[in-house]
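Here is a short report on one protein. Look at the fold as a whole, then at its parts.

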Amino acid sequence: MVQKVAVFRKEHFNAAHRLHNPAWSEEKNGEVFGKCNNPNFHGHNYELIVQVTGPVDPETGYVIDMKVLSAILKESVIDRFDHRNLNLDVEEFKTLNPTAENIAIVIYSIIRPKIEAGLDLKIRLYETERNFVEYPVQ
C-alpha cells in the first residue's frame with residue numbers, strides 16, 4: 001500500500017467583488033446578496049490554503065517541492081487576483097459571479113494542470129475568518 005502525505009501552502013490576497021446576477025432585478029439581487037451586491041463593490045482579505053496529497057518521492061523526500069508550489073500560486077493566483085476587482089479585472093469572472101465557491105473552482109481549474117496528475121489537489125478559501133469553502137469535495 002502506498003503511503004500518502006498531504007502538504008499545505010497558505011497564501012493571502014486582497015480583492016474586491018460584487019455578487020450580482022444580471023438576469024435578476026435590482027430588488028432580487030439586493031434580497032439575495034444583501035451588502036455583497038453593493039454597486040460600488042466591496043473587498044475581502046482572502047486566505048488561500050492549497051493542499052497537495054500524494055506519495056513521498058523516494059529521491060527528494062517531497063510530495064511536491066514547496067518552492068515550485070509557491071511559484072505556481074504566485075504566478076497563477078496571487079499575481080492575477082491580488083488587489084484586483086474580480087468582476088472587472090479577472091477574465092474568468094466577466095460572466096461568472098465571483099462567490100467564494102466560484103473563486104475556489106476557478107483557482108483549482110487554473111492550477112490543476114500545473115500540478116503532477118498523480119497528486120490530489122484541494123483548495124480551501126477563506127473569505128472571512130468564519131466563512132470558507134473547499135473544492136473539490138469527495
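At what angle do the axes of helix α2 and helix α4 cross? The axes of α2 (residues 66–81) and α4 (residues 100–111) cross at roughly 140° and come within 10 Å. Axes are lines fitted to C-alpha atoms, for helices over the stretch in contact, and angles run from 0 to 180 degrees between N-to-C directions. That makes α2 oblique to α4, because angles under 35 degrees count as roughly parallel, over 145 as roughly antiparallel, 65 to 115 as roughly perpendicular and the rest as oblique.

Which residues make the contact (heavy atoms within 4.5 Å)? The table lists them by helix.

| Helix | Residues in the contact |
|---|---|
| α2 | Ile72, Leu73, Ser76, Val77, Arg80, Phe81 |
| α4 | Ile103, Val106, Ile107, Ile110, Ile111 |

This is a predicted model: local features need pLDDT of at least 70, side-chain atom pairs count only at pLDDT 80 or more, and totals for chains, interfaces and linings use all residues. Residues are numbered from 1 along each chain as its sequence is written, and side-chain values use heavy atoms, leaving out hydrogens and water.

Now the whole protein. It has 4 helices and 5 strands; these are DSSP runs, numbered from the N terminus (helices H or I, at least four residues; strands E, at least two). Their order along the sequence is β-α-β-α-β-α-α-β-β. The C-alpha trace spans about 60 × 30 × 25 Å along its principal axes.

Last, two strands. β4 (residues 120–126) pairs with β5 (residues 132–135) in the antiparallel sense over 4 bridges; pairing requires at least two bridges found by DSSP. A hairpin of 5 residues joins β4 to β5. Ile123 stands opposite Tyr135 in β5.

Conventions:
Contact = heavy atoms within 4.5 Å.
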